[in-house]
Every structure is written in C-alpha cells, then in structure tokens.
Amino acid sequence: MTEPDLLILDEPTNHLDIAAVEWLEGFLANYRGALLFVSHDRALAQRLSSAVWDLDRGHLRVFRCQFERYQEEKEKLLEEEARNDALFDKKLAQEEAWIRQGIKARRTRNEGRVRALQALRRQREARRSQQGIARMSLDSGELSGKLVAELTDVSFAYPGEPSLIQDLSFTLLRGDKVGLIGPNGVGKSTLIRVLLGDLKPQSGHVRLGTKQQVAYFDQRRDQLNPELTVLDNIAEGRDSVTVGGKSRHVMSYLSDFLFSGVKARTKVGALSGGERNRALLAKLFSQPANILVLDEPTNDLDVETLELLEKLLLEFSGTVLLVSHDRAFLDNVVNSCLAFEGDGRICEYVGGYGDFIRQGGNFAADAKVDKQETKPVETDSKSAVREKAPAKKKKLSYKLQRELDSLPALIDQLEDEISAIEMEVAEPQFYQQEQTLVQARLNLLAEKQSELEAAFERWSELEGGEE
C-alpha cells in the first residue's frame, strides 16, 4: 500500500497456501519497484528473479540470469572448485612428503621451496570448506499390505461445522505417493487422520490394510520437546539408533543432519525453523516406517536439503502422504493429488500440481485468492469507490474488539524486543559469555518469536471475524 521503491521480502511464502502464493507471485511480477527477496520456493524464484545473489562462505557472487540457469552455473563452479582443491591438496601432500625426507633445507636452492611450502600451508589453513549438506537415509521397515486404505462414500464433519469430506471414494495402495492440496483450514490434516483410521467418519466405510508402521511429520513440530536438547529428543536414552538395518552411534547419525557436538546439545526451543525441521526429520527417520505422513515438511528448509528430501522420498518403497504448498516439491515427488474443491468435494488428479492445473483443477472459490487480481494497487479515491464492497464481517463482542485493538501495539512491542535480542546475539562477544547466560537469551528469543507468531494468528482470527 505504501508503494516503496524497494521491497524486501524474507521467506514471504512460508505458511501461505498455494492460492495465496500464486496471488503474491502475480502481484510481485507486476510490481513496479525493485524487489529483493530471500526464498527457498523454487517456483517463485524461477518466475520472479532476473538475477540471483549467491552468498557462499563470505563471498557474494551475482548471477544475472534466472534461477534454474543459476543452479546450473553454480554446480559448474562447485565442480571446478573441487577439482582445483584436489590438485592443490595433491601438490601440498607432495611437498610435505619432500620436506619429511630430511633434505637439508638450508641449502640455497631449497630455501625457496621451503618458503613456497609455508605459503601453501597458510593458503590451506585459510580455505573455507563448503557448508555441509545433510545426508539422510530412511528405513522403510517391513512391507505393509498391498492395500493401505480404502474409503467408500466417506463423509466427515466436526460437530456444528460444515462438512469437510463429502462422499469420498478413494483407494490408497502400497507405494503410492499422494499430495493433498487446497487452501489452509480446508481439512487436509483431517483427511489424513481418516485415512489412517484415527477419525471415524459419520457415514461411509473405511477399510485399513495390515502391517502399517506410520511416521508422522507434524507441521506444529509437537513431537519435539523444546526443553530437551536435539540429542535427548532423538536418542531417548539410547547410545545408538538402527537405520536401514545398521546400528549407528547417535552423534554420528545426527551429524548427517548437520548437528555437530555443540548444536546436538542445544535445546530445541533455541533452534531456528530450518534446524527444527531437520531435527524432526532426524527423529522420524531413526525409526522404521512404511507409511510416511509429511505435513508441510518444506518450511524453512534450504534448497539443497529440499532436493535431498525429494530424492529420498522418490527412492522410498513405502507409501507417502504429503501436505505441501511447495509446487515444485509436489511436482517432483507425488504421482497423484487429492484436491479440495469446496463444499467437501475432494477429487483425485494424476500427477503433481502442474498436472492438476493442466487438467483444469480448481480450488474452492470461496477459499482462494483471485488469481486475476495481480495488477499494482491503485491508490486514488475514485478507484476505491469502484471496488466492490467487501463481505460484511461478523461483529465482535466488546471484549474481543478490545483484544483486537490491543494486538497491533503488542506485535510492535514483541518485534522491538526480538530485534533487540537478535542484535545482541549477533555481537561477536555474545558466545564468549557463560553457557547458561547464552542459553537463557536464546531461549528468551525463541519464546518471544513464538509469542509473536501467536499474536499474528490471533490478530488474523479476530480481523476475519471468526469469533
């Protein structure tokens, strides 16, 4: 609304449903000012970026091309770097072997070679290795029965609420990889619970298969205790875990998910969003499962981890139920989609999200954002008069209205407090304090961030007149 010359967005698509992401994408594509954004949404990056700024080990490189071309160029650079490093290390090893042979380095003709060796050592010490990439493996356990779940004319609604599922007939077989797509709050998680037999439908019949071992990735991360360290959450008192039939020490296993000694002993409540995601994946993959249920697993994950998770799921021999608003992730993983199209109607489409669109699929009209509304906002008063009046919201009680009026000030206060703590944490001397003081400030930061998120959600509920 302020029409800035420069718009800076940091992960703008996290927790948005697909319709909202596509509206935002269209709006930004027509935005007249400059746009600088941080995102792991590859579809968004491909459509919007005309250049990519790559920050790697302290060096900023500018690639003046679209995102897919950048990925190709970056891969070539890393391959070239690996070849050069290998040649350098080979030369250094040869020189180290030479000096250990006891040749008299005081001779004039050898002094230059000794100085060159010392320079090589300094150069090797100054080299910064590429940041580690998670290495994931998954134990699919014993095979489930060929039939995982069969739904016949199933309908479900919570008491006093409209129907979320209406007359759905669907068969889920072993090895299927199914994406559930639709706006937020439409009932995707509820359908998963019905498919797994956790919820009983009001009508229709659900037939479940045999030998089912389910691993559930919950978007609320409830399976992780924020008061315990990553190590304690995953180990649960054990020294080793069994993955793929092989026993591994817990610390070695955690290193595959980029949790080193210090990070592994950090409380989950002090981790970033991406780190929490990796910790939950580590917990899930440490137990055998032939059915994977992933509810928004891609939030906060970097592109490299996303691509690794995609590869892991494609090689997984079991069944996958995936709830995601990441269009590229859906296209790369699932072989069919269940789309929520409004009024409890759920239709199956072959392929990923792109195939759903090509087959004329559509979300609930009342739940999605108008995709055509992508022009920059007009600010003159005449255009405001021409706009269609919004639907009348349910009037709030005096108490709820008072709560709504107080939320903006609370959000501002929390943002200021978070900003102050983040500046404190960013100082070099912060981690030189006692560990207890460091941990206390990190815990406070995580607590304030949770409070801010809750305040935003409450503001959204009240602003929409939901209560």
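This is a walk through some surface patches, helices and backbone details of the structure above. The model is a predicted one, so please read each value below as computed from its atoms.

Let's start on the outside, with charge. Six glutamates, E68, E72, E75, E79, E304 and E307, form a negative surface patch. Two elements give two or more residues to this patch: α3, which covers residues 67–99, and α10, which covers 303–315. Helix α3 provides the largest share, with four residues. If you would like one residue to find first, try E68, which sits in helix α3. E68 has a relative accessible area of 48%, and because values between 20% and 50% count as partly exposed, E68 falls into that class. A general point about helices helps when you look at patches like this one. An α-helix makes a turn every 3.6 residues, so residues three or four places apart point the same way.

The surface also has a nonpolar patch. L6, I8, L36, W53, L55, L60 and V62 make up this patch, which has an area of about 730 Å². Here strands are the elements to look at: β1 (6–10), β3 (52–56) and β4 (59–63) each supply at least two of the patch residues. L6 belongs to strand β1. With a relative accessibility of 46%, L6 counts as partly exposed.

Now turn to a helix that is mostly covered. Helix α1 runs over residues 18–29, 12 residues in total, and spans 16 Å from its first C-alpha to its last. That reach is close to the 16 Å expected at 1.5 Å a residue. How many of the 12 residues of α1 are buried? The count is 10, so the helix is mostly covered, since buried means under 20% relative accessible area. Among the buried residues of α1 are the nonpolar I18, V21, L24, F27 and L28, and the list also includes the glutamates E22 and E25.

Further along the chain, two helices offer pairs of residues that are separated in sequence. D412 is in helix α14, which covers residues 398–426. Its C-alpha atom is 9.2 Å from that of L452, a residue 40 places away along the chain. D412 itself is partly exposed, at 44% relative accessibility. In helix α15 (residues 435–463) you will find S460. The C-alpha atoms of S460 and L404 are 9.4 Å apart, although 56 residues separate the two along the chain. S460 is partly exposed as well, with a relative accessible area of 42%.

Finally, take a look at the backbone. Most residues other than glycine have a negative phi. Which residues have a positive phi without being glycine? One of them is D167, whose phi is near 50°. D167 lies in strand β6, spanning residues 165–173, and is partly exposed, with a relative accessible area of 49%. Another is D343, with a positive phi of about 55°. D343 is found in the loop between β14 (336–340) and β15 (346–350). Its relative accessible area is 66%, and because exposed means over 50%, D343 counts as exposed.

Note on methods:
Residues are numbered from 1 along each chain as its sequence is written. This is a predicted model: local features need pLDDT of at least 70, side-chain atom pairs count only at pLDDT 80 or more; totals for chains, interfaces and linings use all residues. Side-chain values use heavy atoms; hydrogens and water are left out. Patches are made of residues with over 30% relative accessible area and no salt bridge: like charges are joined within 9 Å, nonpolar side chains (Val, Leu, Ile, Met, Phe, Trp, Tyr) within 5 Å. Accessible areas come from the Shrake-Rupley method with a 1.4 Å probe; for residues, only the protein chains shown count as cover. A salt bridge is a side-chain nitrogen of Lys or Arg within 4 Å of a carboxyl oxygen of Asp or Glu. Lys and Arg count as positive and Asp and Glu as negative; His and the chain ends are not counted. The place of a charge is taken as NZ of Lys, CZ of Arg, CG of Asp or CD of Glu. Buried means under 20% relative accessible area, exposed over 50%, partly exposed in between (1.4 Å probe, protein chains only). The expected span of a helix is 1.5 Å times one less than its number of residues.
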